[in-house]
Amino acid sequence: MFELADIPLPFEYIDVGIRRDYLLKERDKAYKAEATVDCNNGCRACGANMIGRCEQF
Ligand code: SF4
């Protein structure tokens, strides 16, 4: 039996700095039809800032 979290995510091979655990959390929220507030008013710690891919840092 496999865990859903072990399956590669679409486009995961493209590294834009967003952490895998963040993407999994966002996927879980999407399954529950929960939205994530725009990060212009507060960083959601996606990880893009760690490799200079975030324009807010
Ligand atoms: S502000 Fe930057 S690092 Fe924070 S959630 Fe938005 S894109 Fe990601």
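This is a short dialogue about how to read a predicted model of a protein chain and its ligand.

Reader: Happy to start with the overall picture. How many helices and strands are there in the protein chain?

Author: Let's begin there, remembering that the model is predicted. The protein chain has one helix and zero strands. Its C-alpha trace spans about 40 × 25 × 15 Å along the principal axes.

Reader: What share of the 57 residues is buried?

Author: Burial is read by counting neighbours: a residue is buried if 20 or more other C-beta atoms lie within 10 Å of its own, and exposed if 12 or fewer do. By that count, buried residues make up 2% of the 57 residues in the chain.

Reader: Now the helix. How far does α1 reach from its first C-alpha to its last?

Author: Here is the general idea. An α-helix has 3.6 residues a turn, so residues three or four places apart point the same way. In this chain, α1 has twelve residues and reaches 17 Å from first C-alpha to last, close to the 16 Å expected at 1.5 Å a residue.

Reader: And how many of the residues of α1 are buried?

Author: Zero of its twelve residues are buried, and α1 is hardly covered. Two of its residues make good examples. Asp21 lies in α1 and is exposed because 10 other C-beta atoms lie within 10 Å. Leu23 is also found in helix α1, but Leu23 is partly exposed because it has 16 other C-beta atoms within 10 Å.

Reader: Which residues does Leu23 touch, not counting those up to four places away in sequence?

Author: Those are Leu9 and Ile18. You can also look at C-alpha separations. Leu23 and Glu12 are eleven residues apart along the chain, and their C-alpha atoms are separated by 9.3 Å. For Asp21 and Ile7, 14 residues apart in sequence, the C-alpha distance is 13 Å.

Reader: Let's turn to backbone angles. Where should I look for positive phi values?

Author: Check residues other than glycine. Phe11 is one of them, with a phi near 65 degrees. Phe11 sits in the segment before α1, which covers 20-31, and counts as exposed because 9 other C-beta atoms lie within 10 Å. Just after α1, Ala33 takes a positive phi of about 60 degrees. Ala45, not a glycine either, has a positive phi of about 60 degrees. Ala45 is in the segment after α1, and it counts as exposed because it has 11 C-beta neighbours inside 10 Å.

Reader: On to the ligand. Which residues are around it?

Author: They are Cys39, Cys43, Arg44, Ala45, Cys46, Ala48, Asn49, Cys54 and Gln56. A handy next step is to sort such a shell by side-chain class. Here it divides into six nonpolar, two polar and one charged.

Reader: Could you walk me through Arg44? Is Arg44 exposed or partly exposed?

Author: Gladly! Arg44 is partly exposed because 13 other C-beta atoms lie within 10 Å. Arg44 is found in the segment after α1. Leaving aside its neighbours within four places in sequence, Arg44 is in contact with Thr36 and Cys39; Cys39 is also among the residues around the ligand.

Reader: How far apart in space are Arg44 and Leu23?

Author: Their C-alpha atoms are 12 Å apart, with their positions 21 residues apart in sequence. That takes us back to Leu23, which lies in α1.

Key
Residues numbered from 1 in each chain as written. Predicted model: local features only at pLDDT ≥ 70, side-chain atom pairs only at ≥ 80, totals over all residues. Near = placed C-beta within 6 Å. Nonpolar A, V, L, I, M, F, W, Y, C, P; charged D, E, K, R; others polar. Helix = DSSP H or I, 4+ residues; strand = E, 2+ residues; numbered from the N terminus. Contact = placed C-beta atoms within 7 Å. Expected span 1.5 Å × (residues − 1).
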